[in-house]
Amino acid sequence: IEAEAGRIHGVFYCIHKSADQCECKKPKIALFRRAVRGRDVDISGAYFIGDSEEDVQAGENAGCRTLLVLSGRTKREDLAHFLIKPQFVKKDLLEAVQWILEKK
């Protein structure tokens, strides 16, 4: 990533199980808040890329643009059952990143 002039500012994850009902477990957004704390970030312009309905819900809850990749747990036909639809769908992370970079 750094070789291509990118930077990772932090890595955030939740160690809890869904049954724990913690605030950091997706689709809740405590981790989003922690990730942007102290940074000049326009969350409404950010993309949240994920591979599940839970990821789409989390991105929506945080106010991000939502992008679903079909390289993980979700298949295109699963989208019919999503309560919240992603704004964009790409086949995998590489296609998603290339698409975002083309838009900038």
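What follows is a walk through one chain, from a helix and the residues around it to salt bridges, pockets and a few backbone details. Keep in mind as you look that the model is predicted.

Let's start at helix H2, which covers residues 53-62. Its buried residues are Asp55, Val56, Gln57, Ala58, Gly59 and Ala62. What lies over them? The cover of the buried residues includes helix H1 (30-36), strand E1 (47-50) and strand E2 (65-69). Just past the end of H2 comes Gly63, whose phi is positive, at about 90°.

Within this helix, Gln57 is a good residue to zoom in on. Gln57 has a relative accessible area of 18%, and it counts as buried because the cut-off for that class is under 20%. Which residues does Gln57 touch, once its neighbours within four places in sequence are set aside? They are Pro27, Leu83 and Ile84. Pro27 itself sits in the segment before H1, so the contact list of Gln57 takes us from H2 to that segment. Pro27 also has a backbone feature to look at: the peptide bond leading into it from Lys26 is cis, with omega near 15°.

Lys26, on the other side of that cis bond, brings us to the charged side chains. The model holds four salt bridges in total. In one of them, the side chain of Lys26 meets that of Asp55 at 2.5 Å, N to O. Lys26 belongs to the segment before H1 and Asp55 to helix H2, so this pair ties together parts that are 29 residues apart in sequence. Are these two partners buried or exposed? Lys26 is partly exposed, at 30% relative accessibility, while Asp55 is buried, with a relative accessible area of 4%. Asp55 is thus a charged residue on the list of buried positions in H2.

A further salt bridge joins Arg73 to Asp51, with their closest N and O atoms 3.2 Å apart. This pair, too, links distant parts of the chain: Arg73 is in the loop between E2 and strand E3 (88-90), Asp51 is in the loop between E1 and H2, and 22 residues separate them. Arg73 is exposed at 55% relative accessibility, whereas Asp51 is partly exposed, with a relative accessible area of 21%. If you select Lys26, Asp51, Asp55 and Arg73 together in your viewer, you will have a network of salt bridges that links these four residues. Another of the salt bridges is formed by the side chains of Lys28 and Glu23, at 3.5 Å from N to O. Lys28 is partly exposed, with 29% relative accessibility.

Now for the empty space. The largest pocket has a volume of about 860 Å³. Its lining is made up of 22 residues, and those nearest the centre are Ile8, His9, Gly10, Phe12 and Ala35. Which element gives the most to this lining? That is H1, with four residues. By class, the lining of the largest pocket has 13 nonpolar, three polar and six charged residues.

The second largest pocket has a volume of about 600 Å³. It is lined by 19 residues, with Ala46, Tyr47, Phe48, Ile49 and Ile100 nearest its centre. H1, E1 and helix H3 (93-103) each supply at least two residues of this lining, so H1 takes part in the lining of both pockets. The classes here come to 15 nonpolar, two polar and two charged residues.

To finish, turn to the backbone in the segment before H1, where Ala5 and Gln21 are both found. What sets their phi values apart? Ala5 has a positive phi near 75° in a residue other than glycine, and Gln21 is likewise not a glycine but has a positive phi of about 55°. Ala5 is exposed, with a relative accessible area of 74%, and Gln21 also counts as exposed, at 55% relative accessibility.

Terms used. Residues numbered from 1 in each chain as written. Predicted model: local features only at pLDDT ≥ 70, side-chain atom pairs only at ≥ 80, totals over all residues. Heavy atoms only, no water. Buried < 20%, exposed > 50% of the residue type's maximum accessible area, 1.4 Å probe, protein only. Contact = heavy atoms within 4.5 Å. 1 Å grid on protein atoms, 1.4 Å probe; cavity = no way out; pocket = protein on both sides within 12 Å on 5 of 7 lines; lining within 4 Å. Points joined across faces, edges and corners; volume = space filled by probe spheres on them.
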